[in-house]
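Student: I should like to work through this model by question and answer. Could we begin with the overall fold and then turn to individual residues?

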Amino acid sequence: MDIIRNLGDALTATLGPMGPLAVVGLLGVLLVLLTLPVFLKKRDEPFDRLKREAARGTAKADPGLALRRPDERADKLEKYAHFLEPKNREELSAAKLKMVRAGYRTKNAVRVFHFAQLTLGLGALAVGLIYTLLTSGGQEVEIQSVVITTLIPAAAGYYLPVYWVNRRLQTRQVEMTQGFPDALDMMLVCVEAGQSLDQAIIRVSKESRASCPALAEEFEIVAHEVKAGKERVQVLRDMAERVGLPDITSFVTTMIQSATFGTSIAEALRVYSAEMRDKRVMRAEEKANTLPTKLTLGTMMFTVPPLLLMLIGPSLHGIATQFGGG
């Protein structure tokens, strides 16, 4: 902090009371101006040019394909993909998988995420600078106050999309964990009624949409991929990877083993659904067992002080009255 204070004093002595704020604003504007040419002067890759030409030729040959227009937002962010997407392929795959697990399945989800980070960060920084200028009133501004009113809002705006995606991912996983036992029971009823596994998955995706939309969406994707001709084993494995829950991964493993060894799918579903019901009861008991520990702090804060006041208060009042009268 001494270094920051000395730097602020030097800027104030050189540029006046508004020196620190002016330097911070100039640095922000300079960074924006340095990045704009990189955005606007990006050259097209040769393969991208060939893809566009091939798409135009296909559209001319088949006018019906021209109606299938790509997402306009994806096209707008395409020129900034080198900046809005990780360079490493593994990091890009991990980012896409995280967005899929959070429920964002569009092609440009990663780009929109990083664009939101950049926009909110710079926007919060600009708002902080404007607020500091308006509240300073032409007086000297300390460097600590400039940091608090500019960098902290910028950091909050930058990490807000991260918090939003993580929160949405956790909410979806909790929703699917709670609704998965009921979906298994419904699937077991459908299989025992004579339907195939594919028909049971379609039925479950329709019936569970009201209670658990996230899980219904996953089952609907499985049904569409199987209809499209994709191998069921690979479809189930893709579902386990998309969801990322141990319960669904174990279910996929059970279904693959049942299809591989030729055992009864209904029997496997019956055993696994009973296990999932037991796990749900165990989760409820675990939450119930943690309640006394969580209530301890509230009990100490809101029960002990009034109790002590009622027990010791009269004695203290009597002692104070006796000494006051004496």
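The exchange below concerns a predicted model.

Student: How many helices and how many strands are there in the protein chain?

Tutor: Read along the sequence, the pattern of the protein chain is α-α-α-α-α-α-α-α-α-α-α-α-α-α. The count for the protein chain is therefore zero strands and 14 helices.

Student: What share of the contacts with a separation of 6 or more joins residues 24 or more positions apart?

Tutor: Contact here means heavy atoms within 4.5 Å. For the protein chain, with contacts at a separation of 6 or more taken as the whole, the share from residues 24 or more positions apart is 67%.

Student: Is Cys 212 buried or exposed?

Tutor: The relative accessible area of Cys 212 is 3%. Buried means under 20%, so Cys 212 is classed as buried.

Student: Is Tyr 158 buried, partly exposed or exposed?

Tutor: Tyr 158 lies in helix 8, which covers residues 143-192. Its relative accessible area is 37%. Buried requires under 20% and exposed over 50%, so Tyr 158 is partly exposed.

Student: Which residues is Tyr 158 in contact with, leaving aside its neighbours within four places in sequence?

Tutor: The C-alpha atoms of Tyr 158 and His 114 are separated by 9.1 Å, and these two residues are 44 residues apart along the chain. With the neighbours within four places in sequence set aside, the contacts of Tyr 158 are Gln 117 and Gly 121.

Student: What percentage of the 326 residues in the protein chain is buried?

Tutor: Cys 190, at 9% relative accessibility, counts as buried. Across the 326 residues of the protein chain, buried residues make up 29%.

Terms used: Residues numbered from 1 in each chain as written. Predicted model: local features only at pLDDT ≥ 70, side-chain atom pairs only at ≥ 80, totals over all residues. Heavy atoms only, no water. Helix = DSSP H or I, 4+ residues; strand = E, 2+ residues; numbered from the N terminus. Buried < 20%, exposed > 50% of the residue type's maximum accessible area, 1.4 Å probe, protein only.
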